[in-house]
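Please open the structure in a viewer and keep the selection panel at hand. The stops below each give a selection and then say what is there.

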Amino acid sequence: MAAFNLTPSEPSPFILMGIPGLEAAHIWISIPFSAVYIIGLFGNFMLLFVIGKEQTLHKPMYLLLCMLALTDFGMSTSVVPKALCIFWFNLKGITVGGCLTQMFFIHTVSVMQSAVLVTMAFDRYVAICNSLRYGTILTNARITKLGLLGLTRAVLFILPMPLLLSRQPFCANRIIPHTYCEHMAVAKMSCGDITVSRTYGLVIAIVVNGSDLTLIALSYGLIIRAVLRISSKKAHLKTLNTCTSHICVMLMSYTPSLVSYLTQRFGQGIASHVHVTFANFYLLVPPMLNPIIYGVKSKELRDKVSKYTRRR
């Protein structure tokens with residue numbers, strides 16, 4: 001997608017400061033940044049490669065894992081290359097259009113990932129509560145349609161954010177104390193009234209997280225009710241064990257996301273470097289851990305990955 005065109009004449013760029021207060025340590029900070037990014041890329045690429053090659057893995061659950069891997073890849077890749085340019089080469093400038101484009105991709109992928117997590121919760125509900133009809137309720141075609149619906153929702157919800165900001169006059173001080181263009185960090189650069197933009201961002205966060213978490217809670221409530229009807233404790237544990245991967249991924253995604261969002265809006269007393277570090281943790285660490293979690297918990301996937309790694 002082309003960068004958002006803001007004004008007839010190209011305005012002066014924003015300056016991304018990286019991690020404020022830790023500029024002297026940027027080179028050292030870049031080491032874990034790049035290591036986590038490379039591990040995440042490798043893990044998600046391996047997941048996509050193995051699922052794509054193995055016909056036996058062409059199932060709804062693994063199709064959802066591919067969607068999750070793509071959102072992980074998109075989220076980290078939207079941030080890390082520019083962050084490493086700041087850390088390694090001190091290339092802090094970014095055009096206003098480029099900044100709004102980066103902001104659009106980051107938030108779109110985040111909303112898309114939330115939709116994938118909801119669909120995965122529904123997948124677990126059907127697998128446990130309607131196991132005999134699982135193959136007819138959740139087909140690959142239906143999962144694909146749900147994925148496209150989630151992507152459409154993400155684009156329609158997030159697109160107004162950069163469009164609203166593109167109409168704002170920006171102040172002479174264009175220094176953003178961050179490694180990437182986060183919505184509120186960019187909005188605070190405006191000299192105009194950002195009430196509409198600020199309110200829209202808050203409403204979208206509440207609607208997306210509220211509705212998605214409600215649907216996930218509903219799915220797990222029905223799962224727990226179904227599990228409690230099983231008399232065997234061993235069956236209880238075996239059934240719930242099929243959900244642990246999704247629960248871990250969900251907690252790693254929503255918890256830091258919500259904390260980062262709330263501290264950005266309401267945590268005026270929190271040091272900038274703490275907020276920025278946590279915001280980067282949310283975008284970097286889950287993409288690295290997600291393929292590891294599913295690789296460890298899914299024996300079928302683990303065996304297929306082992307087959308390819310041994311071959312090499």
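The tour goes through helix packing, then salt bridges, then a single aromatic residue. The model is a predicted one.

**Stop 1: helix 4 and helix 9**

Select residues 96–129 for helix 4 and residues 195–228 for helix 9. The two helices pack with their axes 9 Å apart, at an angle of about 15°. An angle under 35 degrees counts as roughly parallel, and helix 4 and helix 9 are therefore described that way. Their crossing is left-handed.

Now show the side chains at the contact. From helix 4, select Val-111, Ser-114, Ala-115, Leu-117, Val-118, Ala-121, Phe-122, Arg-124, Tyr-125, Ile-128 and Cys-129. From helix 9, add Val-208, Asp-212, Leu-215, Ile-216, Ser-219, Tyr-220, Leu-222, Ile-223 and Ala-226. Coloured by class, the residues of this contact comprise 16 nonpolar, two polar and two charged.

**Stop 2: helix 6 against helix 9**

Keep helix 9 and add helix 6, residues 140–158. The axes of these two helices come within 11 Å and cross at roughly 160°. That angle makes helix 6 roughly antiparallel to helix 9, since the cut-off for the term is over 145 degrees.

On the helix 6 side, the contact residues are Arg-153, Leu-156, Phe-157 and Ile-158. Helix 9 contributes Tyr-200, Ile-204, Val-207, Val-208, Ser-211 and Asp-212. By class, the contact of helix 6 with helix 9 has seven nonpolar residues, one polar and two charged. Val-208 and Asp-212 of helix 9 also appear in the contact with helix 4.

**Stop 3: Asp-123 and Arg-124**

How many salt bridges does a search of the whole structure find? There are six. Begin with the pair Asp-123 and Arg-124, whose side chains meet at 2.8 Å, N to O. Is Asp-123 buried or exposed? Asp-123 is buried, at a relative accessible area of 2%. Arg-124 also counts as buried, at 11% relative accessibility, and it is among the helix 4 residues that touch helix 9.

**Stop 4: Glu-54 and Lys-307**

Select Glu-54 and Lys-307 and display the salt bridge between their side chains, at 2.6 Å, N to O. The pair links distant parts of the chain, 253 residues apart. Glu-54 is in the loop between helix 1 (26–53) and helix 2 (60–77), while Lys-307 belongs to helix 13 (residues 299–311). Glu-54 is buried, with a relative accessible area of 9%, whereas Lys-307 is partly exposed at 31%.

**Stop 5: along helix 13**

Stay on helix 13 and select Lys-299 and Asp-303, which lie four residues apart, about one turn of the helix. Their side chains form a salt bridge of 2.9 Å, N to O. Lys-299 counts as exposed, at 53% relative accessibility, and Asp-303 is partly exposed, at 37%. Next, add Lys-304 to the earlier pair: Glu-54, Lys-304 and Lys-307 are joined into one network by salt bridges that share partners.

**Stop 6: Phe-278**

Finally, select Phe-278 in helix 12, residues 272–297. Phe-278 is partly exposed, with a relative accessible area of 31%. Which residues does Phe-278 touch, not counting those up to four places away in sequence? They are Pro-256, Val-259 and Ser-260. To finish, draw a distance between the C-alpha atoms of Phe-278 and Pro-256: the separation is 7.4 Å, for residues 22 apart along the chain.

Key. Residues numbered from 1 in each chain as written. Predicted model: local features only at pLDDT ≥ 70, side-chain atom pairs only at ≥ 80, totals over all residues. Heavy atoms only, no water. Axes fitted to C-alpha atoms, helices over the stretch in contact; angles between N-to-C directions. Parallel < 35°, antiparallel > 145°, perpendicular 65-115°, else oblique. Left-handed = near helix turned anticlockwise from the far one by under 90°. Contact = heavy atoms within 4.5 Å. Nonpolar A, V, L, I, M, F, W, Y, C, P; charged D, E, K, R; others polar. Buried < 20%, exposed > 50% of the residue type's maximum accessible area, 1.4 Å probe, protein only. Salt bridge = Lys/Arg side-chain N within 4 Å of Asp/Glu carboxyl O.
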